[in-house]
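Hi,

Here is the structure I promised to pass on. Have a look at it first, and my notes follow underneath.

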Amino acid sequence: MDDNSMRELERLRKQISQQEKMASLGLLSAGIAHEIQNPLNFVINFSKLSCKLLQDMEDVLDELENKLPADADEEIREIMDDLKSNMCKIEENGNRASNIVRGILLYSRGKDDEYIPTDLCQLTKEYVWLSYHAVRANNKSFNVAIIEEYDNTLPQVKVIPQDFSRAVLNLMNNACYAVFSKSKGVTESPYNPTIKVKLAKDGDRVRLVIEDNGLGITKEVKEKLYTPFFTTKPVGEGTGLGLSITKSIIEQKHNGTIEMESEPNEFTRFTITIPIQ
């Protein structure tokens with residue numbers, strides 16, 4: 001066996017080892033997600049209950065009318081308004097975390113073909129920031145400006161939530177990697193890592209655009225972009241399956257399209273479209 005074959009064999013061995021680790025991590029994540037769901041339910045339910053108690057307290061204040069000093073009544077109502085606002089934020093963010101956990105559990109249980117009416121703006125935003133914080137957790141020096149534009153008039157769209165979110169996560173991870181890699185190589189001119197995310201209705205379809213101003217993609221890489229196991233990342237940082245899986249999720253499972261435009265060292269733009277109905 002020649003040296004090239006030996007190197008290729010070693011590369012494949014490391015990839016398989018990495019995939020086995022990821023599979024084990026997937027099982028562990030499912031267990032953790034299940035355990036997290038219970039305290040999250042308590043957080044959400046008690047925030048709702050607290051809002052109801054505050055409303056009851058407000059009714060009591062109304063019944064007291066002028067029996068309390070004006071200053072005291074005003075101060076109590078201000079505190080109550082702050083508490084209501086806090087409870088709403090707790091419930092909102094609790095629901096966001098719960099949706100992410102639910103997606104992990106659905107994926108781990110193999111429910112791959114369950115199409116659910118989904119708020120794509122909320123789902124996309126959740127996984128855009130999940131990707132950012134995941135990269136940030138491993139690289140404290142990483143930072144990027146994320147510019148988001150969501151069409152709030154977009155109706156709910158039937159998708160497989162855990163699969164569509166995986167596609168968003170894959171594209172965001174690549175975008176974060178591209179800008180982070182470029183930032184490490186820039187020494188002279190100022191460079192502002194930026195990722196733009198735009199989700200909007202386009203006729204009878206939904207269009208999602210994720211664009212970064214990172215390293216860009218060469219012509220040679222473009223030709224192999226969706227090839228399974230092809231990756232430009234070092235061993236241990238990527239399996240080469242992200243884009244091939246994303247293409248399958250969008251084209252085969254959601255009857256959509258995925259397109260890529262790029263200029264080396266300038267930008268990379270992925271555009272996904274899926275039908276609304």
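**What I found in the sheet**

Strand 6 and strand 7 run antiparallel and are joined by seven bridges. Before I go on, some housekeeping: this is a predicted model, so local features need pLDDT of at least 70 and side-chain atom pairs count only at pLDDT 80 or more, while totals for chains, interfaces and linings use all residues. Residues are numbered from 1 along each chain as its sequence is written, and side-chain values use heavy atoms, with hydrogens and water left out.

On terms, helices (H or I, at least four residues) and strands (E, at least two) are DSSP runs numbered from the N terminus, and two strands pair if DSSP finds at least two bridges between them.

Back to that pair. Met260 has Phe270 in strand 7 as its bridge partner. The hairpin of strand 6 and strand 7 has three residues between the strands, and Asn265 takes a positive phi near 65° there.

Strand 7 also runs antiparallel to strand 5, with eight bridges joining the two. Two of the partners in strand 7 are Ile272, which bridges to Leu208, and Arg269, which bridges to Glu211.

Strand 5 (residues 205-212) also pairs with strand 4 (residues 194-202), in the antiparallel sense and over eight bridges. Leu208 turns up again here, as the bridge partner of Leu199, and Asp202 stands opposite Arg205. This hairpin has two residues between the strands, and Gly203 has a positive phi near 70°.

How does the whole sheet line up? It is an open sheet of five strands in the order 2-4-5-7-6, with mixed pairing. Strand 2 (145-150) and strand 6 (257-263) are at the edges with a single partner strand each, so one side of each has no neighbour in the sheet. Neighbouring strands are turned by 10° against each other on average, direction ignored; axes here are lines fitted to C-alpha atoms, for helices over the stretch in contact, and angles run from 0 to 180 degrees between N-to-C directions.

**Helices on the sheet**

Helix 4 (residues 161-185) packs on the sheet and touches strand 2, strand 4, strand 5 and strand 7 (267-275). Contact means heavy atoms within 4.5 Å. The direction of helix 4 makes about 20° with that of strand 5.

Helix 6 (residues 242-253) packs on the sheet as well, touching strand 6 and strand 7, and its direction makes about 140° with that of strand 6. Helix 6 has 12 residues and spans 16 Å from first C-alpha to last, close to the 16 Å expected at 1.5 Å a residue (the expected span is 1.5 Å times one less than the number of residues). Leu243, Ser244, Thr246, Ile249 and Ile250 of helix 6 are buried, and their cover includes helix 4, strand 6 and strand 7. Here buried means under 20% relative accessible area, exposed over 50%, and partly exposed in between (1.4 Å probe, protein chains only). Just after helix 6 comes Asn255, with a positive phi near 55°.

**What is inside**

Strand 5 is largely enclosed by the rest of the structure, because six of its eight residues are buried. The same wording fits strand 7: seven of its nine residues are buried, so it is largely enclosed too.

The largest nonpolar core has 42 residues, of which Leu120, Phe164, Met172, Ile195 and Ile274 touch the most other members. Helix 4 gives the most to this core, with nine residues. A nonpolar core is a set of buried Ala, Val, Leu, Ile, Met, Phe, Trp, Tyr and Cys residues joined through side-chain atoms within 4.5 Å. Leaving aside neighbours within four places in sequence, Ile195 is in contact with several residues, including Ile147, Met172, Cys176 and Ile210.

**Overall numbers**

The protein comes to six helices and seven strands, and 35% of its 277 residues count as buried. Among contacts between residues at least 6 apart in sequence, 71% join residues at least 24 apart. The exposed area is about 16,800 Å², with carbon and sulfur atoms supplying 53% of it (Shrake-Rupley method, 1.4 Å probe; for residues, only the protein chains shown count as cover).

Cheers
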